[in-house]
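Q: Can we go over how the copies pack together here? I'd like to start with the surfaces they use.

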4 protein chains.
Amino acid sequence: MKDLLLAGRKAERSVVEVKGVSIGGREIILMGGPCAVESREQMSQSAKTVKDAGGKILRGGVFKPRTSPYSFQGLGLEGLNYLVQAAKEQDLLCVTEVIDRQSLDLVVDKVDIIQIGARNMQNFELLKTVGSINKPVILKRGLSATVEEWLLAAEYILASGNQRVILCERGIRTYEPSTRNTLDLSAVGVTKSLSHLPVIVDPSHAAGRRDLISSLSKAAIAAGADGLLIETHPDPDRASSDGPQSLTPEQFMALAQELEPVADSVQRSFTFGRREDTLEALRARIDRIDESLLEKLAERIQVVKRMGDQKRLDQVKDSNRQKEILQRLVALAAELEVPGELVKRIYPLIFEYGIQCQIKSKLFQESDIELPLGGR
Amino acid sequence: MKDLLLAGRKAERSVVEVKGVSIGGREIILMGGPCAVESREQMSQSAKTVKDAGGKILRGGVFKPRTSPYSFQGLGLEGLNYLVQAAKEQDLLCVTEVIDRQSLDLVVDKVDIIQIGARNMQNFELLKTVGSINKPVILKRGLSATVEEWLLAAEYILASGNQRVILCERGIRTYEPSTRNTLDLSAVGVTKSLSHLPVIVDPSHAAGRRDLISSLSKAAIAAGADGLLIETHPDPDRASSDGPQSLTPEQFMALAQELEPVADSVQRSFTFGRREDTLEALRARIDRIDESLLEKLAERIQVVKRMGDQKRLDQVKDSNRQKEILQRLVALAAELEVPGELVKRIYPLIFEYGIQCQIKSKLFQESDIELPLGGR
Amino acid sequence: MKDLLLAGRKAERSVVEVKGVSIGGREIILMGGPCAVESREQMSQSAKTVKDAGGKILRGGVFKPRTSPYSFQGLGLEGLNYLVQAAKEQDLLCVTEVIDRQSLDLVVDKVDIIQIGARNMQNFELLKTVGSINKPVILKRGLSATVEEWLLAAEYILASGNQRVILCERGIRTYEPSTRNTLDLSAVGVTKSLSHLPVIVDPSHAAGRRDLISSLSKAAIAAGADGLLIETHPDPDRASSDGPQSLTPEQFMALAQELEPVADSVQRSFTFGRREDTLEALRARIDRIDESLLEKLAERIQVVKRMGDQKRLDQVKDSNRQKEILQRLVALAAELEVPGELVKRIYPLIFEYGIQCQIKSKLFQESDIELPLGGR
Amino acid sequence: MKDLLLAGRKAERSVVEVKGVSIGGREIILMGGPCAVESREQMSQSAKTVKDAGGKILRGGVFKPRTSPYSFQGLGLEGLNYLVQAAKEQDLLCVTEVIDRQSLDLVVDKVDIIQIGARNMQNFELLKTVGSINKPVILKRGLSATVEEWLLAAEYILASGNQRVILCERGIRTYEPSTRNTLDLSAVGVTKSLSHLPVIVDPSHAAGRRDLISSLSKAAIAAGADGLLIETHPDPDRASSDGPQSLTPEQFMALAQELEPVADSVQRSFTFGRREDTLEALRARIDRIDESLLEKLAERIQVVKRMGDQKRLDQVKDSNRQKEILQRLVALAAELEVPGELVKRIYPLIFEYGIQCQIKSKLFQESDIELPLGGR
């Protein structure tokens, strides 16, 4: 694609660093908060929810571009203070949308990330303006922008000097009425094939209904997104805007918990829960890990059983194979900072019980008589 | 949604059973094969690829609805035999598209599943006709059908007596030119909220380019899809149709391997590899499980280390907590058919090494001197 | 566009002839009638409306492709008889939609034109089937078909042997909710640039609301359409389908009357009113022509006045110019079958009064005194 | 539609007055010029073309919102001077697009009308800013804006105090690739049903190809548009932007000439040609009127012939009817400022020749022998 001189693909993908948070790295970055800042209390609660869930960035609109001139236009400076204060309380970063030079001037020194909304994606003057500041910019895709147009909008910011641009897919306009917009998850792969910039996904504005947020968030991560921007509100039914698509704090927590294994499954990471590790949180985390360990162990035993059907019983105890396995795992353990000793002591037990299960399974199949496992 | 008398949501989701394969259950069903059947050899190779990858169903078009009357229209009966034969060789089920009553009559007794293509989604006479047969039907979403229209098309089949309908999202027509169609993964959640029918996803026709298939397939599973319909061809560059979106056998295998952890991460299952367990396949599988085990172990050790920062060192060896953990895990082991004895012997080792790591980490932090781990 | 071997542009545009009605010629062909045939009485009244308005073809659906299986599916054979009978009573041609081979077999010998609906535009089997009959086919554009796909669908019919294909634009699916579909009038010009086939427009299905039909019908004619397919119903509020977009008989008549000057303005023709010329109808027609004649005369006089401002008064009576004009007009009169004598006697009068008006205007401007016109 | 407090429908439609030009009245206002101002010469020629064609307003972009930061961004102030100067030379009004407060400040005192481009339709800050000035504003519809969003954008301007808003439909984004955008002519009727504001149409940006401009312009007028905004360039092949959709001067002239009868046909007016009447222009105009007169005369004679078939020959000379006609026409002549005497002398001739033609036609039919017309 021509004219992507700065936004175009490079040997290495960009990682946008903001005060210790890396967007575009291995870690999936969760951003959350209400559509519009309404009160100190609302922001304080929202920040706690985001933090509790493992989120890193608090969002909240104070200058709202609204379709009707008579809709709530945002709290402005007052709201900005609520946002900034709430983020500080919970040690979160914060992001808010700007709509012109004036609003940018007001927020630029107070927030950590600037957002350009979908309706302003081709407000080229605004793009040039945020291109001249030293803050990362989340650039939302326009309501019916092609990927090419979106990347060229990013090019405006980059060409004006600001290299920290984060793309955000937020749904495109189609004929389908069951969702507010149609989330275009292909765009994640397409932008990554054309550009080095990180890409996050906003499933809330895309779906426009909260029952789809969990499904779409997991899909976004699986598709390769670098982060999520999700609306949550302490009391969505009373939200001044976008209530129907905002998650309750409980739903936001539940979603975040589900993201963790999905991130793992695509070689990314996300850690559910607060970062400052309470004993309770860490214990809950260990419990979840132990469950996974056992599930994996169970799976291993199942496979070993099936293997027993393939081999003659006298070949089961294949000590060369065991030696090989152990060697490989000890090497891997070193990489993963697991004590090699531990592996050397655990695996023989796993081998031993594996064989017992095989024998049991085999005899059971052949004789139709159950063998007591006990006699170890 | 009115008029979804049969397709509408019910207390239980439907599972479509076909000769031992369950679509809509816990297992993700992978279907693969070429767009068009071209030769015996091509189908034989495709079937092997699908089987090797863990697929259950072979696809191949023999009656092709083509935009131009001068494009290749399919091999017809000859192709059907190649498809059926190849599926039989590899013990796969097979599916092919029908385009009218005549083509249906020709294939209905030979294939396991009938497909209605996107262009025929509102060919109501055809819907009624497949509604009167006793074979499951994959109903693709029309190129620009709303979810409501799609479900009402399913209702035509159900109302004609055939209850085994599988919905298939395959991308919708939008303004975006970087993909052939725009895959609408919201539709997975929307159909599941409105209907009890299983939903699979065809990322190949949606994307129209093979570099996005992996990303979109994983996203589909994470979004809640019950299966995937993916184009693969032994030699995509020579495919008679849809070459650019067909995976090579190697890409298909790689994709299938990646699906397994994603399915796990959303409480679904998919097993990569052939079902008839060769020793090699089972061993490869054990190797992958062992790696996961070690990763989990590493994660556990990391968390335990962090816990050490939270507790005074003399509280580290918390024997009550260890007892509790062991009790819970032994109970879980019983459920998972893991020998309780194994758990009882492994976990004390894990506890022991965990504590060592904590101490090491703690002392290291405090004294800036590295402690040799060895001396247990 | 490749593959338009038969549908592609030719030296001459095609005119589809059906029992004395030419579609694609100079005359704009008006087709009207209800969406669905409901009763003998309804069809009889509809036919009268269409005939009274100057329409040539009666439409009425008897096999209805409906989104829901529980919606009214058409009266079938019974409805067909009402349609055919009503058309006969009023000496109109008739058209109805077919949805498969069976429905085609039932109607093909009874109606004059076959319609393929938007949902069946890519039902290639049906296209081939209607390609083998000897009746003209109206091929509606699919709900989201590109012009290329539409022309290739026509190519299917042509390639099967039937050369009498009439394209029908009926609106495409977009995001805009204020109309049922978005009428794509560019498609008229685009198809005419790519193909020799006639193109008609159906504003009723496009708009989905009757208040826009008049505006869109006139626009279609101005854009170059060869005919219109418009829904009308004796009592739209009680229509079994598409009531909101059906015109009342009065609205249909009013629309037809408005079409006449628009057709004229783009060098096409349409004659409002019944063909069998009642004395009343012909007199009304002469009255309208006389009004136009006078308006043109008034316009001429205005221009002549302005010309007076440009010339010196003594040059006003420019006899050479008058001779030239007369010569040219007598020649034109011969072409138009107007007696040359009439021109030769009328124009000197027009010249004479023109000059008087000039003088009057000139003197009036110069002297600010009004000159009595009378004294010729 | 709620929130259209000021833009909503009123008892009377608004007419936007600008220095003697009325947009939204009976007259169709033609605006033309290049996409981007390039040079003094280019603007001078463009202005001449627009004036020669009967246009009232010269357009030309000096601040260009471009998708790529590396595309030509407009000549700025230098270009503005070319635009203003060229308009002045030809006594035209001028319009240019603004993209932010700075560009507005530069142009507001120099141009007659301000344009807000499609990409800025929801740049609410800009809308409020142009809402505070005392110049009419052309508000283009966003690339994928609904009519509701468009009208609410107009409401922003109106609510800020500026009541002179002109809506401009310029095509919406759809899946269809044969045109740059899809011109939505339904939007003309829809906006007129919801709002009192005038609506003009820009077929150039919609089509993106010059061969469709004529067809779409005529359609826009027939649909009820109040004006046209059309791109023309002295040498489109060398245009810095939008060359493929720009008309040559000759094409622009030809188009304007075609608009005149279409405007007439829907009770609107447009006068082709320069206002300062050269003798040549006026004579050409008279020639066109004379042709129309003769066509109408021919039509009258045809109808009278058909009437002859309806009446017995002895009733043909119906003097009462002739008297009635004459009376009515003399009254109409007074309204139209046509000398009554002229009517009184012409019509008896028309009656006389009409009867002759009837007789001839009748006898010819009855006897199969041609009667010499001569014997008057």
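Q: Which surface of chain D does chain C meet, going by the interface residues of chain C?
A: This is a predicted model. In it, 100% of the interface residues of chain C are interface residues in chain D too, so the copies meet through the same surface.

Q: What turn lays chain C on chain D?
A: A turn of 179°, with a shift of 0.1 Å along the axis, and the RMSD is 0.6 Å. That is the relation of a two-fold axis.

Q: And which C-alpha of chain C is nearest the axis?
A: That of C:Ala219, which lies 2.1 Å from the axis.

Q: How many residues are in contact between chain C and chain D?
A: 89 residues of chain C contact 90 residues of chain D.

Q: And how much area do they bury between them?
A: Chain C and chain D bury about 8000 Å² between them, with 65% of it on carbon and sulfur atoms.

Q: OK, polar side. How many salt bridges does the rule find across the interface of chain C and chain D?
A: The rule finds 13 salt bridges there. One of them pairs C:Glu176 with D:Arg141, where the closest N and O atoms are 2.7 Å apart.

Q: How many residue pairs are in polar contact between chain C and chain D?
A: 24 residue pairs, counting those with both residues at pLDDT 80 or more.

Q: Which helices of chain C each supply at least two residues of the side that touches chain D?
A: α6 (186–194), α8 (213–223), α9 (249–265), α10 (279–310), α11 (319–336) and α12 (340–367) of chain C. The largest share of that side comes from α10(C), with 25 residues.

Q: How do the residues of that side of chain C divide into nonpolar, polar and charged?
A: The side of chain C that touches chain D has 45 nonpolar, 14 polar and 30 charged residues.

Q: Switching pairs. What rotation superposes chain B on chain C?
A: A rotation of 179° with 0.1 Å of shift along its axis, at an RMSD of 0.5 Å.

Q: Which residue of chain B comes closest to the rotation axis?
A: B:Ser144, with its C-alpha at 3.1 Å.

Q: What about the surface in that pair, going by the interface residues of chain B?
A: 100% of the interface residues of chain B are also interface residues in chain C, so these copies meet through the same surface.

Technical notes. Residues are numbered from 1 along each chain as its sequence is written. Chains are lettered from A and ligands numbered from 1 in the order in which they are written. This is a predicted model: local features need pLDDT of at least 70, side-chain atom pairs count only at pLDDT 80 or more; totals for chains, interfaces and linings use all residues. Side-chain values use heavy atoms; hydrogens and water are left out. Contact means heavy atoms within 4.5 Å. Buried area is the accessible area (1.4 Å probe) that two parts lose on being put together, summed over both. A salt bridge is a side-chain nitrogen of Lys or Arg within 4 Å of a carboxyl oxygen of Asp or Glu. A polar contact is a pair of N or O atoms within 3.5 Å; within protein, one must be able to donate a hydrogen and the other to accept it, and residues adjacent in sequence count only if both atoms are side-chain atoms. Helices (H or I, at least four residues) and strands (E, at least two) are DSSP runs, numbered from the N terminus. Ala, Val, Leu, Ile, Met, Phe, Trp, Tyr, Cys and Pro count as nonpolar, Asp, Glu, Lys and Arg as charged, and the others, Gly among them, as polar. Copies are superposed by least squares on the C-alpha atoms of residues with pLDDT of at least 70 in both.
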